[in-house]
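Colleague: I would like the reasoning behind the labels, not just the labels. Take me through them one at a time.

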Amino acid sequence: HVQNINTPVLTWTGDQDSNVNWNQSIEFYNALRRLEKEHVFLLYRKEGHTLLNKENQVDLSIRTKQWFDYYLKDKPPAKWIINKN
């Protein structure tokens with residue numbers, strides 16, 4: 001059903017997630033990419049289903065706020081949104 005997505009999507013996962021295989025997140029990312037859907041995928045190394053590293057928690061919080069600022073508040077995009085990483 002990826003073809004039905006019309007809203008920009010921000011996803012993230014840890015590469016040691018034991019709840020959801022992070023390869024499924026990559027497959028979702030690739031499907032969105034093939035269909036040229038607006039999407040950014042963040043992969044956090046040495047993290048599981050929940051981010052435990054304080055730096056990664058802060059990074060994700062900042063990026064989530066910047067994502068919503070751009071897509072919901074019409075603020076200029078952060079560089080990582082434009083560069084997709």
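Colleague: Which exposed residues does H1 carry on the face turned away from its buried side?

Modeller: Glu27, Arg33 and Arg34 are the exposed residues on that face of H1. Exposed means over 50% relative accessible area, buried means under 20%, and partly exposed lies in between, with a 1.4 Å probe and protein chains only. This is a predicted model, in which local features need pLDDT of at least 70 and side-chain atom pairs count only at pLDDT 80 or more, while totals for chains, interfaces and linings use all residues. Residues are numbered from 1 along each chain as its sequence is written, and side-chain values use heavy atoms, with hydrogens and water left out.

Colleague: What makes the buried residues of H1 one side of the helix?

Modeller: The buried residues are Ser25, Ala31 and Leu32. They cover an arc of only 120° around the axis, so they sit on the same side of H1; the arc is taken from the directions from the helix axis to the C-beta atoms. The elements covering them include E1 and E2. Contact here means heavy atoms within 4.5 Å. Helices (H or I, at least four residues) and strands (E, at least two) are DSSP runs, numbered from the N terminus.

Colleague: How do you know that the span of H1 is close to what is expected?

Modeller: The expected span is 1.5 Å times one less than the number of residues. H1 has 13 residues, which gives 18 Å expected, and its first and last C-alpha lie 19 Å apart.

Colleague: Why is the pair Arg45 and Asp15 called a salt bridge?

Modeller: A salt bridge needs a side-chain nitrogen of Lys or Arg within 4 Å of a carboxyl oxygen of Asp or Glu. The N to O distance between Arg45 and Asp15 is 3.6 Å, so the pair qualifies. By this rule there are 4 salt bridges.

Colleague: Which of the two partners is buried and which is exposed?

Modeller: Asp15 has 19% relative accessibility, so the label is buried. Arg45, at 56%, is exposed.

Colleague: What makes Asp59 partly exposed when its partner Arg63 is buried?

Modeller: Asp59 stands at 25%, between the two limits, so it counts as partly exposed. Arg63 stands at 17%, so it counts as buried. Their salt bridge has an N to O distance of 2.9 Å, and both residues lie in helix H2, 4 residues apart, about one turn of the helix.

Colleague: How do you know that Asp69 and Lys73 form a salt bridge?

Modeller: At 3.9 Å, N to O, the pair meets the limit. Both residues are in helix H2, 4 residues apart. Salt bridges that share partners join Lys65, Asp69 and Lys73 into one network. Asp69, at 10%, is buried, whereas Lys73, at 54%, is exposed.

Colleague: What makes a group of residues the largest nonpolar core here?

Modeller: Its members are buried Ala, Val, Leu, Ile, Met, Phe, Trp, Tyr or Cys residues, joined through side-chain atoms within 4.5 Å. The largest such set has 10 residues, among them Leu10, Leu42, Leu60 and Trp80. E2, H2 and helix H3 (79-83) each supply at least two, and E2 gives the most, with 3 residues. In soluble globular proteins, nonpolar side chains tend to be buried together.

Colleague: Which residues is Leu60 in contact with, leaving aside neighbours within four places in sequence?

Modeller: Leu60 is in contact with Trp12, Leu42, Tyr44 and Leu51.
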